[in-house]
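User: Please take a close look at one part of this protein, the place where its domains meet. What holds the sides together there, and what surrounds it?

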Amino acid sequence: MSFLAQKLFSFGGAIKNVNKNSIRLSSHFIYHPDNEKPIEGETKKMNMMQAINDAMDITLKNDPTAVLFGEDVGFGGVFRCALGLQEKYGKDRVFNTPLCEQGIAGFGIGLATAGATAIAEIQFADYIFPAFDQLVNEAAKARYRSGGQFDCGALTVRAPCGAVGHGGLYHSQSPEAFFAHAAGLKVIVPRGPIAAKGLLLACIQERDPCIFLEPKILYRSANEEVPIDSYTLPIGKAQILREGNQVTLIAWGTQVHVLLEVAKLAKEQFDVSCEVIDLMSIQPWDEVTVCDSVKKTGRCLIAHEAPLTCGFGAELAATIQEECFLHLEAPISRVTGWDAPFPHVFEPFYLPDRWRCLEAIKQLVQY
């Protein structure tokens, strides 16, 4: 048995009756599917890749100006999120681009400014940085610099992000904090199929350019009964997934599922009641829901895969400290990736897993 497996088995007896050969060491979480449906009506079991495909299919069907483009999307993309869409809508509306992220973003800005609905795919979020100037200096500022005469609000940039179990330093990064710093962009990270479809459709309809970051490990590991009709979820509104009264746990994307498991362990092992919040929208973010929760619980833990320094958790912590200072029973805790390049073989030690988060909760309640 590996060192990591021994660690999992030895921590407080939390994992019992598990065949050691069945442990997937590439996964640092247990997926918690959504049970509540955003709308009434027929549903279909989809993984997150299929839910994203469905959202783009609905858009291309209902909006004749909509186009989908990026590296390899013509045959479905590296993760197959665009599978079958070129065959259905033609090469004029779903097409490959050169391997040039700056060009993809710039082309999308031009299309959106001219009135089209542009859905651009960056093959991995790690490679979005060549497009950083176009997105931060052009897309984000188009409405402002023109005095409202034009904008590129019909631009949505999709990008797979986060840990996948074997991605290493160039295929596992979480760049949400970089874009949250740029006024004019909206940044969204879904936690599963239902959220992904509703939030992506909301981004496509939004009149500000959106960066839609898709945790790639969830593409096939996340399965839910997703409504087949079109629906949107509000951008800038967090969701409370588990109610509690002693510690507020905040995350987004894959890390939400880590904290849902941690909340269960905290109750079982320490009899600590945790409230779990999925931020969902990084920019704008739901300050009211977060601060109301922290005022109730008096303690707060923020967890994200990105490095600690200048991660978006720092912004949350600063606001919570300002708004909730007199209600806090302990310093705000952050459990994050380390200030180092994302490793390959040491990925399990880089990620904010259940054990690091559970120890942080223990420290919060004992403070």
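Analyst: Asp-278 and Arg-191 form a salt bridge. Their closest N and O atoms are 2.6 Å apart. The model is a predicted one. The distance is well inside the 4 Å allowed for such a pair. Across the interface of domain 1 and domain 2, the rule finds 1 salt bridge. Polar contacts add to the picture: 11 residue pairs make them between domain 1 and domain 2, with both residues at pLDDT 80 or more.

Which elements of domain 1 supply this side? Helix 7 (176-180), strand 6 (186-188) and helix 8 (193-205) each give at least two residues to the side that touches domain 2. By type, the residues on that side of domain 1 divide into 15 nonpolar, 7 polar and 3 charged.

Now the partners themselves. The domain assignment gives domain 1 as 43-227 and domain 2 as 239-366. Their centres, taken over C-alpha atoms, are separated by 27 Å. In the contact region, 25 residues of domain 1 meet 23 residues of domain 2. The area buried between the two domains is about 1,900 Å². Carbon and sulfur atoms give 58% of that area. Three residues stand out on the domain 1 side: Glu-176, Val-189 and Arg-191 supply 31% of the area that domain 1 buries against domain 2. No other three residues supply more. Arg-191 thus appears twice, in this trio and in the salt bridge with Asp-278.

Follow the chain on from Asp-278. Strand 11 covers 274-278, and a loop leads from there to strand 12. Met-280 sits in that loop. Its phi is near 65°, a positive value in a residue other than glycine. Strand 12 (281-283) is followed by another loop, which runs to helix 11 (287-297). Pro-284 lies in this second loop. The peptide bond joining Gln-283 and Pro-284 is cis, with omega about 0°. Both features deserve a note, because most residues other than glycine have a negative phi, and most peptide bonds are trans.

Last, the setting. The protein has 14 helices and 14 strands. Along its principal axes, the C-alpha trace spans about 60 × 50 × 45 Å. The radius of gyration is 20 Å. A compact globule of 367 residues would have a value near 21 Å, so the protein agrees with that expectation.

How values were computed. Residues numbered from 1 in each chain as written. Predicted model: local features only at pLDDT ≥ 70, side-chain atom pairs only at ≥ 80, totals over all residues. Heavy atoms only, no water. Domains from an automatic or database assignment. Contact = heavy atoms within 4.5 Å. Buried area = accessible area lost by both parts, 1.4 Å probe. Salt bridge = Lys/Arg side-chain N within 4 Å of Asp/Glu carboxyl O. Polar contact = N/O pair within 3.5 Å; in protein donor to acceptor, adjacent residues only side chain to side chain. Helix = DSSP H or I, 4+ residues; strand = E, 2+ residues; numbered from the N terminus. Nonpolar A, V, L, I, M, F, W, Y, C, P; charged D, E, K, R; others polar. Rg over C-alpha atoms; globule rule 2.2 N^0.38 Å.
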